[in-house]
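These are my notes from a session of looking things up in one structure. I kept each entry short.

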Amino acid sequence: MWTCIHDTITITKDFHFSGINYSGIMKPGLNAIMGATGSGKSSFLDILAARKDPAGLMGEVLINGAPQPPNFKCLSGYVVQDDVVMGTLTVRENLNFSAALRLPTYVTQKEKQQKVNKLIEELGLGRVADSRVGTQLIRGISGGERKRTNIGMELIIDPSVLFLDEPTTGLDASTANSVLLLLKRMAKNGRTIILSIHQPRYSIYRLFDSLTLLVNGKQVYHGPAQRALAYFSDIGYTCETHNNPADFFLDIINGDMTAVANSREGCDGKSISRQGIEDKLLEAYRSCPYFTQTQQELGRLLSFICRMTSSYLIFCCGTNKELSYLVHLSHVSALFYFLQVVVTLFLALVVGAIFFDKGHLCTSHCVFRFGALFFIIVNQCFSSLSSAELFISERKLFIHEYISGYYRLSVYFLSKLLSDILMLRTIPAVVFTCVAYFMIGLKMTTEAFFLFMFTVILVAYTSTSMALAISADQTVVAIANIFMTIACVFMMIFAGLLVNLPSIVNWLAWLKYLSIPRYGISALLINEYTGLNFCKGVNISEIPPGVICTGEAFLTGQGVDFSPWGFWQNHVALGIMTTCFLTITYLKLRFIQKFT
């Protein structure tokens, strides 16, 4: 028998009240936690599932009369209210992903596949097993099938305890009923299922074995679900014929006047406030046999408990296996990569056409080449801002999978770097360079071409790292975009084209060292202009005044150090900035709030 007990827990966070005590026993079967909106159902469920921030909590959660295992989060199943499955994968692929990373290494691939197939059959997902779950852009399976897929990903480890946070949310009555019937069948097989639910229909309510009612975080009933009506009738609240018990309970809890009018207080003509009803329910429960019986059993079990155990995560797979799976899943959308390359190719053709073979003298040649280089670098910076959505869009999925023991944080971070930075930034940068470089007619040497490509790629890496560092702890893409836009505008001002850097006042000049475009443009200018002679074959006497004939003279006028170290210091600076941004990103993910 599985017993979940939490005795005298005091919660001081995430509630509008303090000094709350929960105590109870939940046995194999379908255990429901009900209450009005804001009554603390989800928080109570998170406490039982060891997914609540332990700060401010006191008490014990016992499993089979023993302290809760430190890795309980990895051993139990938890289905969150908002389905967190990968929409780009099929139902079978999602289940395979869970099996690959959560089952022990001694389980063979054949056994894993058999387990997945059995789950698909039990959950009634055979018809959609090879259909994509669906995203905002991809049409997928229905809400009920999506919910069953989410449940299946937790059942893959065959947990003895399964938690569900409002599993009927967003489902129609028929679909919700089918999901609860599925849970009831699993409960009959000896599994302990604990779920929070708001206001179920009667056909769902009658499936419950145990019922816990909460009012503002306080327990007003914990006992057999089928005897709850008799209990409320004994304390003066009688449910009308044909009224849904769940609706009746919520009416009483919320102080609905119709429900109160049918009580003894209403019949006696007495007026009672909502707070008075809450106090009456709490007092009545603490004097009822269910509460007394529970406390007696808790007293026997708690006498053997001497300390609280700490919590940690246990991962079933090695780092290499986790990394290979995550990198593979990051490359499932080949269409997205293809579109990225197509857009990059189009921009390269446009840039090449605009700056195609412009001028021979420096009066026009320098300006057009400088403008082309500036546009190329700025385009790389702004194109990289799309990576801001990387961690924001997967935030809920990442937190759920990490807490459930799917993979390590370092593996998740590295997989995103390999898939986003290497694939989405390197290949487009190479394509852009190969097209635009020759169309513009830049320096036709092998060394200059590859240095140009290396610089463009490094700028893309640094810009992407900055976007990741800014967005790693954000929850809304729009807010992250605001911060990144402000940063990019300031960096463009100090890039060297819009403002001549030597002319900037000293107390503002230091800002140029924070500009990513400045380092990229400086490197490209040195690479392009060093060794150029714009007046070759022209008589010196025929050169108009003010015309610059050498690339070095132009660089000097722009305040660019074209020495060997002056060239490579730009790449060193970009490398240091990339390292700093990625470190900030990792630390933000490391210390992000992973508990509710």
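Entry 1, confidence. I began with residues 1-20, where pLDDT stays under 50. The model still has 87 contacts beyond four places in sequence for residues 1-20. This is a predicted model, and where pLDDT is low, the coordinates should not be read in detail. I therefore left the details of such places alone. For the protein chain I noted a mean pLDDT of 80, with 83% of its residues at 70 or more.

Entry 2, the chain overall. I looked up the secondary structure and found 25 helices and nine strands. The protein chain has 596 residues, and 54% of them are buried. I also looked up contacts between residues at least 6 apart in sequence: 75% of these join residues at least 24 apart.

Entry 3, helix H21. I checked the length of H21, which covers residues 477-493. Its 17 residues should span 24 Å at 1.5 Å a residue, and the end C-alpha atoms are 24 Å apart, so the two values agree. Then I asked which residues of H21 are buried. They are Ala480, Met484, Cys488, Met491 and Met492. Down the axis of H21 these buried residues fall within an arc of 95°, so they line one face of the helix. The general reason is that an α-helix has 3.6 residues a turn, so residues three or four places apart point the same way.

Entry 4, Leu171. I found Leu171 in the loop between strand S6 (161-165) and helix H6 (173-188). Is Leu171 buried or exposed? Its relative accessible area is 18%, and buried means under 20%, so Leu171 counts as buried. Leaving out residues up to four places away in sequence, I listed what Leu171 touches: Gly143, Gly144, Lys147, Ala176 and Val179. Leu171 and Ser142 are 29 residues apart in sequence, yet their C-alpha atoms are 9.5 Å apart in space.

Entry 5, positive phi. Most residues other than glycine have a negative phi, so I wrote down two residues with a positive one. Ala50 has a phi near 65° and lies in the loop between helix H1 (41-48) and strand S3 (61-63). Ala50 is buried, at a relative accessible area of 18%. Asp158 has a phi of about 50° and sits in the loop between helix H5 (143-155) and S6. Asp158 is partly exposed, with a relative accessible area of 48%.

Entry 6, aromatic rings. How many aromatic pairs are there? I noted a count of 25. I took Tyr407 and Tyr412 as an example: their ring centres are 5.6 Å apart and their planes are at 10°, so the pair is stacked. Tyr407 is buried at 1% relative accessibility, and Tyr412 is buried at 3%. I also found a cluster linked by ring pairs, made up of Tyr205, Phe208, Tyr221, Tyr231, Phe232, Phe248, Phe249 and Tyr290.

Entry 7, charges over rings. I looked for arginines placed over a ring and wrote down two cases. Arg518 lies over the face of Tyr519, 5.0 Å from the ring centre. The charged end of Arg590 sits over the ring of Phe591, at 5.4 Å from its centre.

How values were computed
Residues are numbered from 1 along each chain as its sequence is written. This is a predicted model: local features need pLDDT of at least 70, side-chain atom pairs count only at pLDDT 80 or more; totals for chains, interfaces and linings use all residues. Side-chain values use heavy atoms; hydrogens and water are left out. Rings of Phe, Tyr and Trp (its six-membered ring) pair if their centres lie within 6.5 Å; planes under 30 degrees apart count as stacked, over 60 as edge-to-face and the rest as tilted. Buried means under 20% relative accessible area, exposed over 50%, partly exposed in between (1.4 Å probe, protein chains only). A charge sits over a ring if NZ of Lys or CZ of Arg is within 6 Å of the ring centre and within 35 degrees of the ring normal. Helices (H or I, at least four residues) and strands (E, at least two) are DSSP runs, numbered from the N terminus. Contact means heavy atoms within 4.5 Å. pLDDT is the predictor's confidence in each residue, from 0 to 100. The expected span of a helix is 1.5 Å times one less than its number of residues. The arc is that of the directions from the helix axis to the C-beta atoms.
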